[in-house]
Amino acid sequence: MFEVLPQLPADPILGLSTAFKADTNPAKIDLGVGVYKDENGRTPILNSVIKAQQILLQKEDSKTYITPQGVQGFIDGMLQLLLGNSHPALLADRISAVQAPGGCGALRILAELIKRSNGETTVWVSDPTWANHIPLIGNAGLKIETYPYFDKAAAGINFEGMISALKQVKKGDVVLLHACCHNPTGADLTNEQWQQVLEAAKEREFIPFVDIAYLGFGDGLEEDSYGLRLLCENLPEVLVAASCSKNFGLYRERVGLAAIVTQSADQRKIVQSQIQAIARGIYSMPPSYGGALVDIILHDDALKAEWQNEVSEMRTRMQSLRALLVSKLQEKGASKDFSFINEQKGMFSFLCISPEQVIKMRDDFSVYFVDSSRVNIAGISTENVDYLAEALVSVL
Ligand SMILES: Cc1ncc(COP(=O)(O)O)c(C=O)c1O
């Protein structure tokens, strides 16, 4: 049966990790895989999560099945975190939601929901976007098109190109937007630009599909949800995929949320039944453990404050690493102005160097990152930044 299947090439990012592990250069640096790392290169368990685990150990008294929608306290806590306590869509009972296996699971459930609603829908994604958006949405059978987003030559957003493309989108099509900390570029919309996206959505009647995987890593937990809240407050329908992998450090526990702002409380019930059926038909129910931890943290004032501090520490560390890299590059005489790195948000930056230069960084200096020139800022440390800056200056 399986002899008809071709061997697929290795995943480029995972292939990079394998090559990094095999590299014997003691100065090697891994800026590839998108996980947060501390100054020692570790991805620690957050203290708030450790405490929540202890609480859960005491209080959990059964491992029986949960329902396809997941842990209800997690869903309620996440909706409040994402939208605020008094968001009109929440108050009007217009939001359907399920806990999902990670942000990826949420993206897939929502893609299946779009497919069930209208299989002819085109989903518009930014050029570039996170590579996994394509199979997660495309494998549901939906057509994907791109809108311009990033201008590599100018190292910034091509907003004019983006907004004029969005003004051509067909009524009923779906537009995928990164709420904050755009992956892979780190270039985010300003509040004013979000306002223009809202106007385009109203004018063209497209449905925004907001992916929020780095809440708190950009400017702050409230600030990073500005665009999401604006769209959810002013449009009848919005799809939202959230991930707790990065900001709660719960990567392997697979915790995410799929939420849909619907037109009315009656529609909410219908859509809720649909997303639960979709979940039932793919994996039945989400793993409960990570969701239960987030539920504990978000409903305990002291733990929530501790978690907020931990998110803020991760964010400020990445911001200071950006500043450090920019100043080291200047200090070492880089022939290119890298100050745009300071403007970018979150865990990733596009260095805007050529694929040949990226390969040279890998082959000649053992500095590993993907060909697009996306680097994981959290992989930089005060120890390796000089070496990194010297390597970059020399390949330029
Ligand atoms: C833009 C974006 N969306 C969604 C995800 C999904 O993350 P996960 O499935 O690990 O929660 C990621 C993870 O890297 C991401 O970068």
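This note sets out points on three helices, three buried loop residues and the largest pocket of a predicted model.

1. Helix H10, geometry and faces. H10 runs over residues 265–282 and comprises 18 residues. The distance from its first C-alpha to its last is 26 Å, close to the 26 Å expected at 1.5 Å a residue. Its buried residues are Arg-268, Val-271, Gln-272, Ile-275, Ile-278 and Ala-279. Viewed down the helix axis, these residues fall within an arc of 130°, so they line one face of H10. Asp-266, Lys-269, Ile-270, Arg-280 and Gly-281 are exposed on the other side.

2. Helix H10, surroundings. Strand S2 (95–100), helix H5 (102–117) and strand S10 (256–261) are the elements against which the buried residues of H10 pack. After the helix comes Ser-284, with a positive phi near 75°.

3. Thr-262, ahead of H10. This residue lies in the loop between S10 and H10. Is Thr-262 buried or exposed? Its relative accessible area is 2%, under the 20% cut-off, and Thr-262 is therefore buried. Not counting residues up to four places away in sequence, Thr-262 touches Arg-94, Ser-96, Pro-236, Gln-267, Arg-268 and Val-271. Two of these contacts, Arg-268 and Val-271, are also listed among the buried residues of H10. Arg-94 is 168 residues from Thr-262 along the chain, yet their C-alpha atoms are separated by 5.3 Å. The side chain of Thr-262 also reaches the backbone oxygen of Ser-264, at 3.0 Å.

4. Helix H8, geometry and faces. H8 covers residues 191–204. Its 14 residues should span 20 Å at 1.5 Å a residue, and the end C-alpha atoms are indeed 20 Å apart. Gln-193, Trp-194, Val-197, Leu-198, Ala-200 and Ala-201 are buried in this helix. These residues cover an arc of only 160° around the axis, which puts them on the same side of H8. On the other side, Glu-192 and Glu-203 are exposed.

5. Helix H8, surroundings. The cover over the buried residues of H8 includes helix H7 (159–166), strand S7 (174–178), strand S8 (207–212) and helix H9 (226–234). Glu-205, just after H8, takes a positive phi of about 60°.

6. Helix H14. In H14, residues 355–365, the buried positions are Gln-357, Val-358, Met-361, Arg-362 and Phe-365. Seen down the axis, they fall within an arc of 145°, so they line one face of the helix. Glu-356 and Asp-363 are exposed on the other side of H14. Packing against the buried residues of H14 involves H1, strand S12 (367–368) and helix H15 (385–395). Ser-366 follows the helix and has a positive phi, near 60°.

7. Lys-37. The loop between strand S1 (29–30) and helix H2 (47–59) holds Lys-37. How is this lysine classed, buried or exposed? With a relative accessible area of 13%, under the 20% cut-off, Lys-37 is buried. A polar atom of its side chain lies 3.1 Å from the backbone oxygen of Asp-30. Leaving aside neighbours within four places in sequence, Lys-37 is in contact with Asp-30, Arg-42, Thr-43, Arg-317, Ala-378 and Gly-379. Asp-30 thus appears both as a contact of Lys-37 and as the residue that offers the backbone oxygen.

8. Asn-247. This residue is placed in the loop between strand S9 (238–243) and S10. Asn-247 is buried, with a relative accessible area of 2%. Which backbone oxygen lies 3.1 Å from a polar atom of the side chain of Asn-247? It is that of Leu-215. Apart from neighbours within four places in sequence, the contacts of Asn-247 are Leu-46, Leu-215, Phe-217, Trp-307, Val-311 and Met-314.

9. The largest pocket. About 910 Å³ of space lies in this pocket. Its lining is made of 38 residues, of which Ile-13, Trp-130, Asn-132, Asn-183 and Arg-374 are the closest to its centre. At least two lining residues come from each of helix H1 (12–22), H5, helix H6 (133–138), S8 and strand S11 (348–350). Some of these elements recur in the points above: H5 packs against the buried residues of H10, S8 is among the elements covering those of H8, and H1 packs with those of H14.

Notes: Residues are numbered from 1 along each chain as its sequence is written. This is a predicted model: local features need pLDDT of at least 70, side-chain atom pairs count only at pLDDT 80 or more; totals for chains, interfaces and linings use all residues. Side-chain values use heavy atoms; hydrogens and water are left out. Helices (H or I, at least four residues) and strands (E, at least two) are DSSP runs, numbered from the N terminus. The expected span of a helix is 1.5 Å times one less than its number of residues. Buried means under 20% relative accessible area, exposed over 50%, partly exposed in between (1.4 Å probe, protein chains only). The arc is that of the directions from the helix axis to the C-beta atoms. Contact means heavy atoms within 4.5 Å. A polar contact is a pair of N or O atoms within 3.5 Å; within protein, one must be able to donate a hydrogen and the other to accept it, and residues adjacent in sequence count only if both atoms are side-chain atoms. On a 1 Å grid over the protein atoms alone, a cavity is a set of points where a 1.4 Å probe fits but cannot get out, and a pocket is an open set with protein on both sides within 12 Å along at least five of seven lines; lining residues have an atom within 4 Å of a point. Grid points are joined across faces, edges and corners, and a volume is the space filled by probe spheres set on the points.
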